[in-house]
Amino acid sequence: MMESNDCVFLFSPILDETLKRIYGNASNLPWEDGFLDSLSLVNSEKAVKEVIQQPLVEGIDDHLVEFSEAMRTVSKVLRRAAEGKASAQAEASEWKRKYELERERNRQLENKGLNSNYNVEKGDNSADHLKLMSETAEPSQFGNEKNGIYSHEVLRDREHNAYSNVQGKLIRKASFKLQWYCKGEKNDQHKHDIVSFEKGNITTAERSSKQICLKWESPPQTVLILTKPNSTSVKVICAEMVRWLKEKKLNIYVEPRVRTELVTESSYYDFVQTWKDDDGFLLLHEKVDLVVTLGGDGTVLWAASMFKGPVPPIVPFSLGSLGFMTPFHSEQYKECLKSILQGPISITLRHRLQCHVIRESAKTESESEEPILVLNEVTIDRGISSFLTNLECYCDNSFVTCVQGDGLILSTTSGSTAYSLAAGGSMVHPQVPGILFTPICPHSLSFRPLILPEYVTLRIQVALNSRGPAWVSFDGKDRKQLSQGDALVCSMSIWPVPTACRGDSTNDFLHSIHEGLHWNLRKTQSGDGPRDS
Ligand SMILES: NC(=O)c1ccc[n+]([C@@H]2O[C@H](COP(=O)([O-])OP(=O)(O)OC[C@H]3O[C@@H](n4cnc5c(N)ncnc54)[C@H](O)[C@@H]3O)[C@@H](O)[C@H]2O)c1
Ligand SMILES: Nc1ncnc2c1ncn2[C@@H]1O[C@H](COP(=O)(O)OP(=O)(O)OP(=O)(O)O)[C@@H](O)[C@H]1O
């Protein structure tokens, strides 16, 4: 395509003279160093038009006709160049505006989510806002141009809180890097998240979630041990583990209840640290490199619920009966912890749901109660009411359905093997990003569970004409009553729970459904019988 400067060059012999007529001398020419500014372009175009519109003098030769045609072309090109430049400027300022907006949002998100008392987003809970939060946070959380996630990017360790004082020693929180692995091999090809539109071709070049691998960049120094209460076997293992970790020169935190138990047993455990109140615990995320759980799935849920923002990697040891999310054997804790402390570790990034209860009496959605994060599911049921629940369900403001039955479960994929499974939902691999929409005993012949994409915001409202109230519970806990008109708004949280794998994510999942749930266990049919001939 011909550029404006090419044109000027093409007609330069004829132009020279004419331009002198238009601009006088060279210093008034509308370009400098080969670049035209848009105002000059418009002026040049005007001047060229004036020249063209001057009546032809009698006896004019063919050259002038040709010249006039050339000037028309120059005029056209100059106009296009001016238009192009104006539109590029408009586009640039629009991108700048978007960038500033995005930066401001990220800054607000960082302040709200990650300051010292990092309460999960209060205030504005509108569907758009919730969606926006996950959108803005996604690049740093799930992928970036460096083919990995750095812990200091996730935790936004700032200079002032990067060091903490533990028993008079300055301790720096260990930094780690998360990388995507593909079939056990390092994959550096994470160019785009899901879809590429390059050259008009739509390709699913990369998958949204892959096996993730954690590599320590500095050695972990502080471990938090969380234990199932009232269990003698847990107490014994916990005491042993504390001694072993102490030998490895690690700082150890336990819950206040556990510290009391340990110190009562022996004053040897005086070095074990704990916290006094909720504020004390909130500061722990700045110190803890690793969380160890000793118990069943309920203890993993408990650990996750304690972190209302970013969660350190969790190593779940099995001391329960089912242990779907607890792949490590407690008898082998020394070998397991040795290899975990050394790394690299395969990680399952378990997504959580962020839930807000919005009361009918609240004047605006921003007057909602404190949000709650769930690792398994949020359930709305009829509780002690003998009437059917009447729940109006919306997905990104589109009406989905009305649930008339015992209730509804909104589950993560990690929770798909818990209550949702019992209510007839599918079992879904925990790395699949999605929200399960599973009714509980719907009074309908045609209701089937749904799996919705992770980016949607769901709103479940107790119908105004419902015969009774409903009850909401979070990972089976914190039951709250929902009166007619009250609603629950639910979307994917930006803070997943990273749990260490024994093999890899898929291997552990399949092992759990076979060993924990005895999935598809059937006697093998013998080949001794009739066959297709
Ligand atoms: N009908 C049901 O199946 C039913 C009813 C209520 C609660 N629950 C589940 O119990 C969970 C709370 O667990 P808890 O230990 O505090 O209560 P709990 O002590 O009552 O144990 C519930 C059982 O669910 C299992 N479980 C928990 N999370 C799981 C998961 N992600 N995959 C497979 N199994 C899982 C546990 O191992 C345990 O055996 C809730 O989040 C809910 O999913 C299930
Ligand atoms: N540190 C803790 N503090 C208070 N409660 C806890 C703690 N850890 C676990 N719990 C609660 O104790 C209950 C039982 O825990 P968990 O599920 O781990 O053990 P379990 O019932 O023996 O295991 P399983 O469910 O596999 O049989 C759960 O409801 C859980 O929320």
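This report walks through the fold, the core and the two ligand surroundings of a predicted model.

## The chain as a whole

Let's start with the broad view. The protein chain contains 14 helices and 26 strands. Of its 533 residues, 36% are buried. Among contacts in the chain with a separation of 6 or more, 67% are between residues 24 or more positions apart.

## The largest nonpolar core

The largest nonpolar core is made of 92 residues. The residues with the most contacts inside this core are I225, V242, I347, V378, L410 and L488. Because domain 2 (219-350) and domain 3 (353-495) both give residues to this core, it lies between them. As general background, nonpolar side chains in soluble globular proteins tend to be buried together.

V378 is a handy residue to click on if you want to explore the core. Beyond its neighbours within four places in sequence, V378 is in contact with L353, C355, L410, V472, F474, L488 and C490. Two of these partners, L410 and L488, also appear with V378 in the list of residues with the most contacts inside the core.

## Strand 17 and its partners

V378 belongs to strand 17, which covers residues 377-381 and has 5 of its 5 residues buried. E377, T379 and D381 point one way from the strand, whereas V378 and I380 point the other way. Residues on both sides are buried. In a regular strand, side chains alternate between the two faces of the sheet.

Which strands are joined to strand 17 by bridges? Strand 19 (residues 398-411) is joined to strand 17 by 5 bridges, and the two run antiparallel. Here I380 stands opposite L408. Strand 23 (residues 470-474) also runs antiparallel to strand 17, with 4 bridges between them. In this pairing, the bridge partner of D381 is W471.

## Helix 11

Helix 11 (297-306) is mostly covered, with 7 of its 10 residues buried. The buried residues are D297, T299, V300, L301, W302, A303 and A304. They pack against four strands: strand 9 (222-227), strand 11 (290-295), strand 12 (314-318) and strand 26 (497-500).

Helix 11 is also worth following into the ligand surroundings, where it gives residues to the shell around ligand 1 and to the shell around ligand 2.

## Around ligand 1

Ligand 1 is surrounded by 18 residues, and the closest are G298, F324, A418, Y419 and A422. Helix 11 and helix 13 (419-422) each supply at least two residues of this shell. The largest share, 3 residues, comes from helix 11.

At the domain level, domain 2 and domain 3 each contribute at least three residues to the shell around ligand 1. These are the two domains that also give residues to the largest nonpolar core. By class, the ligand 1 shell has 7 nonpolar, 8 polar and 3 charged residues.

## Around ligand 2

How many residues surround ligand 2? There are 16, with G295, G296, G298, G320 and S321 the closest. Strand 9 and helix 11 are the elements that give two or more residues to this shell. The largest share comes from helix 11, with 5 residues. The shell divides into 5 nonpolar, 8 polar and 3 charged residues.

G298 links the two views: this residue is among the closest to ligand 1 and among the closest to ligand 2.

Technical notes
Residues are numbered from 1 along each chain as its sequence is written. Chains are lettered from A and ligands numbered from 1 in the order in which they are written. This is a predicted model: local features need pLDDT of at least 70, side-chain atom pairs count only at pLDDT 80 or more; totals for chains, interfaces and linings use all residues. A nonpolar core is a set of buried Ala, Val, Leu, Ile, Met, Phe, Trp, Tyr and Cys residues joined through C-beta atoms within 7 Å. A residue is buried if 20 or more other C-beta atoms lie within 10 Å of its own, exposed if 12 or fewer, and partly exposed in between; C-beta atoms are placed from the backbone. Domain bounds come from an automatic or database domain assignment. Two residues are in contact if their C-beta atoms, placed from the backbone, lie within 7 Å. A residue is near a molecule or strand if its C-beta atom, placed from the backbone, lies within 6 Å of it. Ala, Val, Leu, Ile, Met, Phe, Trp, Tyr, Cys and Pro count as nonpolar, Asp, Glu, Lys and Arg as charged, and the others, Gly among them, as polar. Two strands pair if DSSP finds at least two bridges between them.
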